[in-house]
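Trainee: I have a protein to look at today, and I would like to practise reading it step by step. Could we go through it together?

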Amino acid sequence: MSANAVLSPSRGSLLTSDAASLADLAAALRGAVDSRRDADQTARLVAEQLRQHLPGPGILTPEQRLGDPVRYRAHTLHVEPDGSFSVVALVWRPGQATRIHDHISWCVFGVIQGVEHEELFDEHLNPVGVNHNYPGDVSGFAPPGDIHRVRNVGDTTAISLHVYGADLSQVGSSVRRYYD
């Protein structure tokens, strides 16, 4: 993957999940991240593991799955003790969206419920692509070339699992910059 490339969405297998599958996912991700590859290669390896270990909506409590009526919600599920990655579930009610943004590190995500609409932009904010990500789709990227906006265009709640190459408990957010 070139520095400006985005991994194309591809289908993973959805699992019914609980705390055990989160532990299995974290162990698989740890192996991919510990390989100490460059950001592009790490994103690819993490995407492979997320495809194989993508949990279902049961990874969240019923209350977490409800989301928030005002804005999408982020639930941090795991931060690796050495800070090398974080796993976050995002819950999007219909119509909720991010601002146009990029990231501080590589990111890989998988949709576990609903549909997420992703708009991709170049460094001049020209549209360069659109993805509709469905349950089981896994995609990712490494900066630069990761400017995007995500929204739930469906009429039901969408949930996605994101793996970021950063300790979000320390940095607070995966976003490097907002563009709008």
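Trainee: Which residue caps the N-terminal end of H2?

Mentor: Good place to begin, and keep in mind that this is a predicted model. Look for a side-chain oxygen that lies 3.1 Å from the backbone nitrogen of Asp40. The residue that carries this oxygen, and so caps the helix within the 3.5 Å cut-off for a polar contact, is Asp38.

Trainee: How far does helix H2 reach from its first C-alpha to its last?

Mentor: H2 covers residues 39-53, which makes 15 residues. At 1.5 Å a residue, a span of 21 Å is expected. The model comes close to that, with a reach of 21 Å.

Trainee: Which residues of H2 are buried?

Mentor: A helix has a rhythm that helps here: with 3.6 residues a turn, residues three or four places apart point the same way. Keep that in mind as you read along the list of buried residues in H2. They are Asp40, Thr42, Ala43, Val46, Ala47, Leu50 and Arg51.

Trainee: Following the chain past H2, is Pro57 buried or partly exposed?

Mentor: Pro57 sits in the loop between H2 and helix H3. Leaving aside neighbours within four places in sequence, it is in contact with Arg65, Ile112, Gln113 and Ile159. Its relative accessibility is 26%, and buried would need a value under 20%. Therefore Pro57 counts as partly exposed.

Trainee: What distance separates the C-alpha atoms of Pro57 and Pro135?

Mentor: Along the chain, these two prolines are 78 residues apart. In space, the separation between their C-alpha atoms is 10.0 Å.

Trainee: Is His78 buried or exposed?

Mentor: You will find His78 in strand S2, residues 73-79. Not counting residues up to four places away in sequence, it touches Ala26, Arg30, Phe85, Ser86 and Val87. Its relative accessibility is 17%, and the limit is under 20%, so His78 counts as buried.

Trainee: With which residue does the side chain of His78 make a polar contact?

Mentor: Search for a partner side chain at 2.8 Å from the side chain of His78. That partner is Glu80.

Trainee: How many bridges join S6 to S7?

Mentor: S6 covers residues 116-121 and S7 covers residues 127-133, and the two run antiparallel. They form a hairpin with five residues between them. One opposite pair is Glu118 and Asn131. The number of bridges joining these strands is six.

Trainee: Which residue in the turn of that hairpin has a positive phi?

Mentor: Most residues other than glycine have a negative phi, so a positive one is worth a look. The residue in question is in the loop between S6 and S7, and its phi is near 65°. With 30% relative accessibility, it counts as partly exposed. Its name is Leu125.

Trainee: Which peptide bond is cis, with omega near -5°?

Mentor: Most peptide bonds are trans. For this one, go to the loop between strand S8 and strand S9, where Pro144 is placed. The cis bond runs from Pro143 to Pro144.

Trainee: Over which residues is the pLDDT below 50?

Mentor: The protein averages a pLDDT of 86, and 89% of the residues score at least 70. One stretch falls below 50, although beyond near neighbours in sequence it has 62 contacts in the model. That stretch is residues 1-17.

Terms used:
Residues are numbered from 1 along each chain as its sequence is written. This is a predicted model: local features need pLDDT of at least 70, side-chain atom pairs count only at pLDDT 80 or more; totals for chains, interfaces and linings use all residues. Side-chain values use heavy atoms; hydrogens and water are left out. Helices (H or I, at least four residues) and strands (E, at least two) are DSSP runs, numbered from the N terminus. Buried means under 20% relative accessible area, exposed over 50%, partly exposed in between (1.4 Å probe, protein chains only). A polar contact is a pair of N or O atoms within 3.5 Å; within protein, one must be able to donate a hydrogen and the other to accept it, and residues adjacent in sequence count only if both atoms are side-chain atoms. Contact means heavy atoms within 4.5 Å. The expected span of a helix is 1.5 Å times one less than its number of residues. pLDDT is the predictor's confidence in each residue, from 0 to 100. Two strands pair if DSSP finds at least two bridges between them.
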